[in-house]
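This report covers strand pairing, nonpolar cores and cysteines. Please view the sequence and the fold together before reading on.

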Amino acid sequence: MQYAAMNGKLVQLASAVVPVTDHGFLYGLGLFETFRTYGGRPYLLERHLERMASGCAELGIPFEVTASEVADWISRLMQANQLEDAYVRYTVSAGEAPLGLPSGDYTSPTHIVLAKALPEPSPTLYESGKMLQRLSTPRNTPEGQVRLKSLHYMNSILAKRELNHLVRQDQRVQGAEGLQLTREGFVAEGMVSNVFWVRERVLYTPSLSTGILPGITRAVVMEIAAEQGIACIETQSPWEELWQADEIFVTGSVAELVPVTTLRDLNGQETTISSGQIGPVTAVLLRMYREKAGYTS
């Protein structure tokens, strides 16, 4: 039997529900964070909660929980679900309110924590990498000045549907990450990832001005690069720039750093990156990231 944590209390998953008048359900008013544990401990939890607290303040949702409280919820939930390590999703839904757009701040948000087993990665994923498929679905503009990790996820869902259609046409696309561009044609981000590329040992990533999510793993990778003396440039770049890259990788809190070894455009044209293997800069950054996380294989 699986459990969820709602407002700090463990409940059976089937009973973890919110009212139909919750504005998270009605209007997508809410935020979420996804992350993983290493050795049973949620990694970078404080950073995830800082991002959530900032977004909640912008949306008028009170956010008063502490990192120790959330860590306790996660620990008890993992124990109930018999998990040693986990993929964790922490959601804050705005809570019940009258039908109609809100005229003021919310008062009683709902905190929901879900946890499941970490996905089993392919044994070759971090050596041989994956495909990055360009999509025609453009990245939507942020909700405000900075993109929020909000419950309104329609843009990524439409992108995923486009990718699924491409998989049905060509099974080689199976397992690819979909890459979205801005309406102006600049590289933005993956459906569920931030993207980096290396050229002549300089690291590049789309700037926040493209409207991407300010990813937690993205920020840590940039910090590690600085520690290693690797220059990192935030940029607005066209798709064609990726075709000139020596290395490409995508980042996410659960997936860590995943090398991209195949690029595929809208016409099905493909090119191999880094001779089909993880590149030296990517390998260093991945190793350092895992060392910081306390990863043990």
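The text below starts at the N-terminal strands, then turns to the cores and the cysteines. The model is predicted.

**Strands.** Strand 1 has two pairings, listed here.

| Strand pair | Sense | Bridges | One bridge pair |
|---|---|---|---|
| Strand 1 (residues 3-6) and strand 2 (residues 9-12) | antiparallel | four bridges | Ala 4 with Val 11 |
| Strand 1 and strand 6 (residues 110-116) | antiparallel | two bridges | Met 6 with Ile 112 |

Two residues lie between the strands in the hairpin of strand 1 and strand 2. Asn 7 has a positive phi there, near 50 degrees.

**Cores.** The largest nonpolar core holds 40 residues. Leu 132, Leu 179, Leu 203, Leu 242, Ile 248, Leu 285 and Tyr 289 touch the most other members. Several elements each give this core at least two residues, including helix 4 (125-128), strand 8 (177-181), helix 6 (216-227), strand 13 (247-252) and helix 7 (280-293). What does Leu 132 contact, beyond its neighbours within four places in sequence? Its partners include Leu 179, Val 195, Trp 239, Leu 242, Ile 248, Val 250 and Val 260. Glu 177, Thr 262 and Arg 264 are also among them. A second core is separate and has 27 residues, among them Cys 56, Val 65, Trp 73 and Val 113.

**Cysteines.** How many disulfides does the model have? The count is zero. Cys 56 is buried because its relative accessibility is 0%, under the 20% limit. Cys 232 has a relative accessible area of 27%, so Cys 232 counts as partly exposed.

Conventions. Residues numbered from 1 in each chain as written. Predicted model: local features only at pLDDT ≥ 70, side-chain atom pairs only at ≥ 80, totals over all residues. Heavy atoms only, no water. Disulfide = S-S within 2.5 Å. Buried < 20%, exposed > 50% of the residue type's maximum accessible area, 1.4 Å probe, protein only. Core = buried A, V, L, I, M, F, W, Y, C linked by side-chain atoms within 4.5 Å. Contact = heavy atoms within 4.5 Å. Pairing = 2+ DSSP bridges.
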